[in-house]
Amino acid sequence: MATDAHGRRIDYLRIALTDRCNLRCVYCMPEQGVPWKPHDQILTLEEIERFTAIAVEFGIGKIRLTGGEPLVRHGVPEFIRHLREHVGVEAVALTTNGTLLPKFAAELREAGLERVNISLDSLDPDVFESVTRGGHLSDVLAGIDAAFEAGFSPVKLNVVVVRSLHQDLLGFAKLTTERPLHVRFIEYMPVGESAHEGSGCAAESGGWSREDHVPSEETLATITQQGEAAGLGPLVAVERDGAPGGWGPARYYRFEGAPGTIGVISPLSHHFCGECNRLRLTADGMLRPCLFSDIEFDVRSPLRTGTDDDVRAVILTALGAKPESHHDRVGTTRGMSQIGG
Ligand code: SAM
Ligand code: SF4
């Protein structure tokens, strides 16, 4: 069993399968995109599989595939099948912008993917197009339908709350009254400040602004107030056993009688570092102990030229380097699309 220097059990690995994406969300990537890493710097799926097999020996058996957009990488369903059937991971989840789910959902489910989180930040087609710099809302809505049709449960929707985007929070919350969709509101995070340097400070220009951070309590208060005015009743806290299963620190609520839930994830307003259970692997093969820290360890070199023991040594070093807390540190040299969220 893997534990870090602060006694936390680490059993969850987020793997960025690629740094590439078919969208350009304003809070995630600068307009011109980030220069893609050359192919030879990106781990092959075989290298990731080998790394994962070694991580599993440490008891790190929950795997989330992310990116960039993981589904733009070829061979993801087959890769998942390998993880489940040969590597022995406990469960595989996917975080996706949803646009490619109509094409892949059934195949992914059949390959052994257990759960999907779909990111969506506006229900207005024009706003969606501007937030993603060119995406089509209808593609994501079709992706959500495809996830349900393929039988995924739970299906979660991740909404990053950014003040200057003026999102219709109640519109999102109402979706939970229609079907068992779990809508989670995530506080906009100060990641990639220096990566986006010079781009201005508002979310629209791809930078981080403290004014754009909306504390989860404010989001909940807005939804409660607007929900009551719309006759949806109060939001009721959902106990752990009634919440959709997950590996992260969301707190859940629901409108009485609704099939879905409303969650909040509050990395800034409620530090959840004490419960941190994860490591992150970037697409170019760096192992990151903390989302908010620039510290990372090269695992690509030992995967290419070293032994399994060399890889184990990097995992142990990363576990030992997990900070106790992020202390609200703002800015890292990499953007979210490179770290994987
Ligand atoms: N492309 C996939 C997607 O959009 O779901 C996976 C990668 S994306 C980087 C993973 C998650 O990070 C998404 O839910 C996205 O909304 C979120 N994200 C990106 N930048 C963020 C930021 N600055 N603060 C909070 N969440 C962010
Ligand atoms: Fe792409 Fe996801 Fe980042 Fe949007 S949030 S640009 S979909 S990686």
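Author: Let's fix one term before we look around: helices and strands here are DSSP runs, numbered from the N terminus. Keep in mind too that this is a predicted model.

Reader: Fine. Where is Q167 placed?

Author: Q167 sits in the loop that runs between strand 5 (155-161) and helix 6 (169-174).

Reader: Is Q167 buried or exposed, and why?

Author: The cut-off for buried is under 20% relative accessible area. Q167 has 15%, so it counts as buried.

Reader: Which residues is Q167 in contact with, leaving aside its neighbours within four places in sequence?

Author: With that stretch left out, the contacts of Q167 are D121, V159, V160, V161 and V162. One of these partners also shows up as a polar pairing: the Q167 side chain reaches the backbone oxygen of D121 at 3.2 Å.

Reader: Let's stay in that loop. What about the phi of H166?

Author: H166 has a positive phi, about 50°, although it is not a glycine. H166 belongs to the loop between strand 5 and helix 6.

Reader: Is H166 buried or exposed?

Author: The cut-off for exposed is over 50%. H166 comes out at 70% relative accessibility, so it counts as exposed.

Reader: Where is R133, the other residue I flagged on phi?

Author: R133 is in the loop between helix 4 (125-131) and helix 5. Its phi is also positive at about 50°, and R133 is not a glycine. For accessibility, the partly exposed class lies between the two cut-offs. R133 falls into it because its value is 23%.

Reader: Backbone again: which peptide bond is cis?

Author: Look at the one from S153 to P154, which is cis with omega near 0°. You'll find P154 in the loop between helix 5 (137-149) and strand 5.

Reader: On to the ligands. How many residues surround ligand 1, and which are the closest?

Author: There are 18 residues around ligand 1, and Y27, G68, S119, V160 and M189 are the closest. Strand 3 (91-96) and strand 5 each supply at least two residues of this shell.

Reader: How does the shell around ligand 1 divide by class?

Author: You get six nonpolar, 10 polar and two charged residues.

Reader: Which side-chain atom lies 2.5 Å from an oxygen atom of ligand 1?

Author: That is an N or O atom in the side chain of S119. On the nitrogen side, a polar backbone atom of G68 is 3.0 Å from a nitrogen atom of ligand 1. E69 also has a polar side-chain atom 3.2 Å from a nitrogen atom of the ligand. Taken alone, ligand 1 exposes 550 Å², and the protein buries 94% of that.

Reader: And which residues are around ligand 2?

Author: C21, L23, R24, C25, C28, G68 and N97 are around ligand 2. That shell breaks down into four nonpolar, two polar and one charged residue. G68 should look familiar: it is also among the closest residues to ligand 1.

Reader: How should I read the nonpolar interior?

Author: The general idea is that nonpolar side chains in soluble globular proteins tend to be buried together. In this model the largest nonpolar core has 93 residues, of which L13, F51, L65, L108 and F185 touch the most other members.

Reader: Which residues does F185 touch, not counting residues up to four places away in sequence?

Author: Among them are V159, V161, L169, F172, A173 and I223. F185 also touches T219, I262, G263, V264 and I265.

Reader: Is T52 buried or exposed?

Author: T52 is in helix 1 (residues 45-57). Its relative accessibility is 0%, so T52 counts as buried. Leaving aside neighbours within four places, T52 is in contact with I15, I63, L83, V87 and V89.

Reader: One last stop. Where is the place of S269?

Author: S269 is in the loop between strand 9 (261-265) and strand 10 (278-281). S269 counts as partly exposed because its relative accessible area is 35%.

Reader: Which side chains make a polar contact with the side chain of S269?

Author: E187 does, at 2.4 Å. The side chain of H270 does as well, at 3.4 Å. Not counting residues up to four places away, S269 touches E187, P215 and S216. For a sense of span, the C-alpha atoms of S269 and H82 are separated by 39 Å, with their positions 187 residues apart along the chain.

How values were computed. Residues are numbered from 1 along each chain as its sequence is written. Chains are lettered from A and ligands numbered from 1 in the order in which they are written. This is a predicted model: local features need pLDDT of at least 70, side-chain atom pairs count only at pLDDT 80 or more; totals for chains, interfaces and linings use all residues. Side-chain values use heavy atoms; hydrogens and water are left out. Helices (H or I, at least four residues) and strands (E, at least two) are DSSP runs, numbered from the N terminus. Buried means under 20% relative accessible area, exposed over 50%, partly exposed in between (1.4 Å probe, protein chains only). A polar contact is a pair of N or O atoms within 3.5 Å; within protein, one must be able to donate a hydrogen and the other to accept it, and residues adjacent in sequence count only if both atoms are side-chain atoms. Contact means heavy atoms within 4.5 Å. A residue is near a molecule or strand if one of its heavy atoms lies within 4 Å of it. Ala, Val, Leu, Ile, Met, Phe, Trp, Tyr, Cys and Pro count as nonpolar, Asp, Glu, Lys and Arg as charged, and the others, Gly among them, as polar. Accessible areas come from the Shrake-Rupley method with a 1.4 Å probe; for residues, only the protein chains shown count as cover. A nonpolar core is a set of buried Ala, Val, Leu, Ile, Met, Phe, Trp, Tyr and Cys residues joined through side-chain atoms within 4.5 Å.
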